[in-house]
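User: I have a chain to go through before setting up calculations. Can we take it question by question?

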Amino acid sequence: MLRVRVITGLVLGPTVVAAIVFLEPWQLALLFLLIVSLGLYEWAGLSGIPTPFRVVYAFSGALVGIFFWFNPDIWFRIVIAVAAVWAAAAVAVFSFPRLSPLIRAPVVMGSLGWVVCMGAWLAVNVIRQQPDGRWMVLWLIVVIAAADTGAYFAGRRFGSKKLLPNVSPGKTWEGVWGGLVLAVLIGQIVAISSGLISLFGMFGWLTLAVFVVAVSVVGDLFESVVKRISDAKDSGNILPGHGGVLDRIDSLLAAAPLYALVTMLL
């Protein structure tokens, strides 16, 4: 399993980095829209939507994203609203399973999928539209990937203290700290090498990396909540060794809107 996971990561990693660096904003928007639409299809499965209607659900979400794209005057308000939804999701994570009956309701599950997936899609595009947006998106993706990688290997090697065993038995505090350390180090390297360091300074990027990692953990845990509610181990099996698309972008779904909000306000 580890070998397959590594091979998949070695294929996906350079592909995503190349797309961020070389694609124009509208091209990156279309690529990420495709990825998020696959995530919506998986979310539909977790929500209990019958297979014939999952494509309709994903397509409807994509239309919502396109509507956002052509209405830039509402971007800031949407990002704020999605960030607020993630604050509520954090409450659901740390109070699990108290709010599970509410989340399980079909209208809530269905609406949440559109909000978190298309909110993240819009957030990435908002970041990409900013000066140095290409490198800001790259920094976000690399920091999240580093946190995920560090958490995986630190958890396997040193993990003993469970983070939230009732939500995700496999996640440990040692994994969180391992992911944080690697994310901060890689984040500083990317900020310096790309010239982003002048925007917030070394301490500013360090603080932002800690913030992004903390929020990404919430995203990961919230997807675990959704999978527990749906009695599913993975969101899908499209990525060998990694599960589904949602299993790979869950951290990004949470971190992107809040990262975008910070960069828009500063």
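The turns below cover salt bridges, packing, backbone outliers and the surface of this predicted model.

User: How many salt bridges does the structure hold?
Analyst: The cut-off is a side-chain nitrogen of Lys or Arg within 4 Å of a carboxyl oxygen of Asp or Glu. One of the pairs is K171 with D220. The number of salt bridges the structure holds is four.

User: How far apart along the chain are K171 and D220?
Analyst: K171 forms a salt bridge with D220, with the closest N and O atoms 3.4 Å apart. The pair links distant parts of the chain: K171 is in the loop between α7 and α8, and D220 is in helix α9. Their separation along the chain is 49 residues.

User: Is D220 buried or exposed?
Analyst: Its partner K171 is partly exposed, at a relative accessible area of 22%. Buried means under 20%. D220 has 18% relative accessibility, so D220 counts as buried.

User: What separates K227 and E223 along helix α9?
Analyst: The side chains of K227 and E223 meet in a salt bridge, 4.0 Å from N to O. Both K227 and E223 are buried. They are four residues apart in helix α9, so the separation is about one helical turn.

User: Which residues are joined into one network by salt bridges that share partners?
Analyst: D247 forms a salt bridge with K227, the closest N and O atoms being 3.0 Å apart. That pair links distant parts of the chain, with D247 in helix α10 and K227 in helix α9, 20 residues apart. Both D247 and K227 are buried. Salt bridges that share partners make one network of E223, K227 and D247.

User: Which residues have the most contacts inside the largest nonpolar core?
Analyst: The largest nonpolar core has 82 residues. L140 is in contact with I127, V212, L252, A255, A256 and Y259, leaving aside neighbours within four places in sequence. The residues with the most contacts inside the core are W139, L140, F222 and Y259.

User: How far apart are the end C-alpha atoms of helix α8?
Analyst: Helix α8 covers residues 173-194, which is 22 residues. At 1.5 Å a residue, α8 should span 32 Å. The end C-alpha atoms agree with that, at 31 Å apart.

User: What covers the buried residues of α8?
Analyst: The buried residues of α8 include V176, L180, V184 and A191. Polar ones are on the list too, among them E174 and Q188. The cover includes α7 (133-158) and α9 (197-230).

User: Which residue follows α8, and what is its phi?
Analyst: The helix runs over residues 173-194. G195 follows α8, and its phi is positive, near 85°.

User: What is the C-alpha separation of V167 and R228?
Analyst: V167 is in the loop between α7 and α8. At 3% relative accessibility, V167 counts as buried. V167 touches V93, F96, L221, S224, V225 and R228, not counting residues up to four places away in sequence. V167 and R228 are 61 residues apart along the chain, yet their C-alpha atoms are separated by 7.5 Å.

User: What is omega for the cis peptide bond that joins F96 and P97?
Analyst: P97 lies in the loop between α4 (75-94) and α5 (100-104). The bond that joins F96 and P97 is cis, and omega is about 10°.

User: What is the phi of D132?
Analyst: D132 lies in the loop between α6 (106-129) and α7. Its relative accessible area is 40%, so D132 is partly exposed. D132 is not a glycine, but its phi is positive, at about 65°.

User: Is D231 buried or exposed?
Analyst: D231 also has a positive phi, about 60°, although it is not a glycine. D231 lies in the loop between α9 and α10 (245-265). Exposed means over 50% relative accessible area. D231 is at 73%, so D231 counts as exposed.

User: Which residues make the nonpolar surface patch of about 340 Å²?
Analyst: L38 is in helix α2 (residues 25-46). With a relative accessible area of 36%, L38 is partly exposed. S37 lies in helix α2 as well, but S37 is buried, at 17%. S37 is in contact with A58 and A62, neighbours within four places left aside, while the patch is made by L31, L34, L38 and I238.

Note on methods
Residues are numbered from 1 along each chain as its sequence is written. This is a predicted model: local features need pLDDT of at least 70, side-chain atom pairs count only at pLDDT 80 or more; totals for chains, interfaces and linings use all residues. Side-chain values use heavy atoms; hydrogens and water are left out. Patches are made of residues with over 30% relative accessible area and no salt bridge: like charges are joined within 9 Å, nonpolar side chains (Val, Leu, Ile, Met, Phe, Trp, Tyr) within 5 Å. Accessible areas come from the Shrake-Rupley method with a 1.4 Å probe; for residues, only the protein chains shown count as cover. Helices (H or I, at least four residues) and strands (E, at least two) are DSSP runs, numbered from the N terminus. Buried means under 20% relative accessible area, exposed over 50%, partly exposed in between (1.4 Å probe, protein chains only). A nonpolar core is a set of buried Ala, Val, Leu, Ile, Met, Phe, Trp, Tyr and Cys residues joined through side-chain atoms within 4.5 Å. Contact means heavy atoms within 4.5 Å. The expected span of a helix is 1.5 Å times one less than its number of residues.
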